[in-house]
Amino acid sequence: MEEVPHDCPGVSSAQAGRGASCQGCPNQGLCASGAAAAPDPAIEEIKEKMKTVKHKILVLSGKGGVGKSTFSAHLAHGLAEDENTQVALLDIDICGPSIPKIMGLEGEQVHQSGSGWSPVFLEDNLGVMSVGFLLSSPDDAVIWRGPKKNGMIKQFLRDVDWGEVDYLIVDTPPGTSDEHLSAVQYLAAAHIDGAVIITTPQEVSLQDVRKEINFCHKVKLPIIGVVENMSGFTCPKCQVRVATKESLFLLKHRIHQPL
Amino acid sequence: MEEVPHDCPGVSSAQAGRGASCQGCPNQGLCASGAAAAPDPAIEEIKEKMKTVKHKILVLSGKGGVGKSTFSAHLAHGLAEDENTQVALLDIDICGPSIPKIMGLEGEQVHQSGSGWSPVFLEDNLGVMSVGFLLSSPDDAVIWRGPKKNGMIKQFLRDVDWGEVDYLIVDTPPGTSDEHLSAVQYLAAAHIDGAVIITTPQEVSLQDVRKEINFCHKVKLPIIGVVENMSGFTCPKCQKESQIFLPTTGGAEVMCRDLKVPLLGKVPLDPRIGKSCDKGESFFAEAPDSPATLAYRSIIQRIQESCSLRQPKGENLVGS
């Protein structure tokens, strides 16, 4: 790759910025100064912030359109039915933030206070945060590359005043890229309970979901389990059940995860 | 944001790396050296490479799971049915590359030659490239941040030896981020015919698709049109039609009318489409009489007509 030389010693290495292969790398100065290897101070700040949050759940899928946001929203609704349970729903899909619409909170704005950003409260015990609340119009495209998206996620985790929370649910975009790495890295010191992984029965979905499971193993994120969504359809006209996304392979046999 | 100071003068500015607000920015050295402002030499190299490619179509959607890869694959199949038409299908979804499976090419490997990387050929006139072909196992996760993905996309556009191609179809992941910006930027000098945008009838999808249309306007990417997928479902038992993804706000038809973009067509949800994709077979062969097949064919024809209004070098014969 042009951006990172083939023999990059790694940004945390003693050779960072100093090795022969570092010559010409655009990050050479940064590495040589030692700045790249220093841990981000935000990680400690987020650890502090998360002390008032009991449980943190990431909702993931390698595949798009399988129902992550739908599931995250209804997990939040379900948990918040007990008015003594404080629920927080954080949408870190920066390009396609669906949570405001699904929660019926379109047009709501985020307010700043002395203790940080206030989430938008659907109920007294259900607060929501999304980049969707920061846009002037829901049609505005957020055309950001990775580093800017990472900065936003850091702010969401560090600067939002969630208060005392029993469950923080983090809805993510599809994939295994910046948003997912950032969520895991920024919450590294704060302990994530685990990931709920959403799929549909199709093999094309399962293939991406296996990658997501692979991602979870690599970043040592526990997997709470998998949800198979769109698992058949009952025709409203004749009441016969039809498989709309037929599976050629049984999910539980291929993935070896509890359902 | 921490990464970029609030008063960043911009990486191309004369003040880049030198302004007061640049102090402490991790990119200060890079900007001050002038390296960040210089155009990427790859853009010219890609322009040269793309001289043998007549038409370039990006398949986009703000929303995931609406059928971009399914559509890209079947657009490729449809165009390649004419054996005199050379078709290339490039998958730039780096994290979730579905094209190898959908095209029945899982397990294939990419070969290097003196003239670059060889695509994997499904037919003599249909070549395919995807990061999926570079993985040791289809379950391997590609856990890359933006810059590394951008590098891969640059290599795909610059180093793949496509040969003489009539249509290059670029399948993308959902969103408006690194992959999309990189595709548009690296192809900036090579002229893209336009984008085909896929959606489902649901407002939750349309909302993301409006953002994608917004993206196209911002980067001056022409829009060939919108395809509404999963548009109605015919029960195979009783043959009656239902809507699974209800068009609560009028579906793509109303959106296209409001935003003045062409609606290329509506494709109904046929469970056999998903099955064909899983098996890696063309749905056209599996169900030639399905209303979905007929819809796809009509859409493909409209795309060909749109492309034929443009000369290969980018001059429009008719105002678009």
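Helices, of at least four residues, and strands, of at least two, are DSSP runs numbered from the N terminus. In this predicted model, that numbering places A:Thr172 in the loop between strand E7 (165-171) and helix H6 of chain A. The loop residue is a convenient place to start.

A:Thr172 has a relative accessibility of 2%, and it counts as buried because the limit for that class is under 20%. Its side chain reaches the backbone oxygen of A:Val59 at a distance of 2.7 Å. Leaving aside residues up to four places away in sequence, A:Thr172 touches A:Val59, A:Leu60, A:Lys68, A:Ile92, A:Asp93 and A:His180.

The last of these contacts leads into the helix. A:His180 belongs to H6, which spans residues 178-186 of chain A. With a relative accessible area of 2%, A:His180 is buried. A polar atom of its side chain lies 3.3 Å from the backbone oxygen of A:Gly175. Again not counting residues up to four places away in sequence, A:His180 touches A:Leu60, A:Thr172, A:Pro173, A:Pro174, A:Gly175, A:Glu212 and A:Phe215. A:Leu60 therefore appears in the contact list of A:Thr172 and in that of A:His180, where a contact means heavy atoms within 4.5 Å. Between A:His180 and A:Val219 there are 10.0 Å in space, C-alpha to C-alpha, for a separation of 39 residues in sequence.

The wider setting comes from a record. An unreviewed UniProt entry annotates residues 54-210 of chain A as "domain: AAA+ ATPase". In the model, this stretch is 31% helix and 25% strand. The C-alpha atoms at its two ends are 28 Å apart.

Chain B brings up the cysteines. How many disulfides does a search of the whole structure find? The search finds zero over all chains. B:Cys216 is in no disulfide, because the nearest cysteine sulfur, that of B:Cys256, is 12 Å away and a disulfide needs the two sulfur atoms within 2.5 Å. B:Cys307 is likewise in no disulfide; the nearest cysteine sulfur belongs to B:Cys216 and is 14 Å away. Are these two cysteines buried or exposed? B:Cys216 is buried, because its relative accessibility is 0%. B:Cys307 also has a relative accessible area of 0%, and so is buried.

Technical notes: Residues are numbered from 1 along each chain as its sequence is written. Chains are lettered from A and ligands numbered from 1 in the order in which they are written. This is a predicted model: local features need pLDDT of at least 70, side-chain atom pairs count only at pLDDT 80 or more; totals for chains, interfaces and linings use all residues. Side-chain values use heavy atoms; hydrogens and water are left out. Buried means under 20% relative accessible area, exposed over 50%, partly exposed in between (1.4 Å probe, protein chains only). UniProt positions are given in the numbering used here, feature names are shortened, and annotations may be inferred rather than shown by experiment. A polar contact is a pair of N or O atoms within 3.5 Å; within protein, one must be able to donate a hydrogen and the other to accept it, and residues adjacent in sequence count only if both atoms are side-chain atoms.
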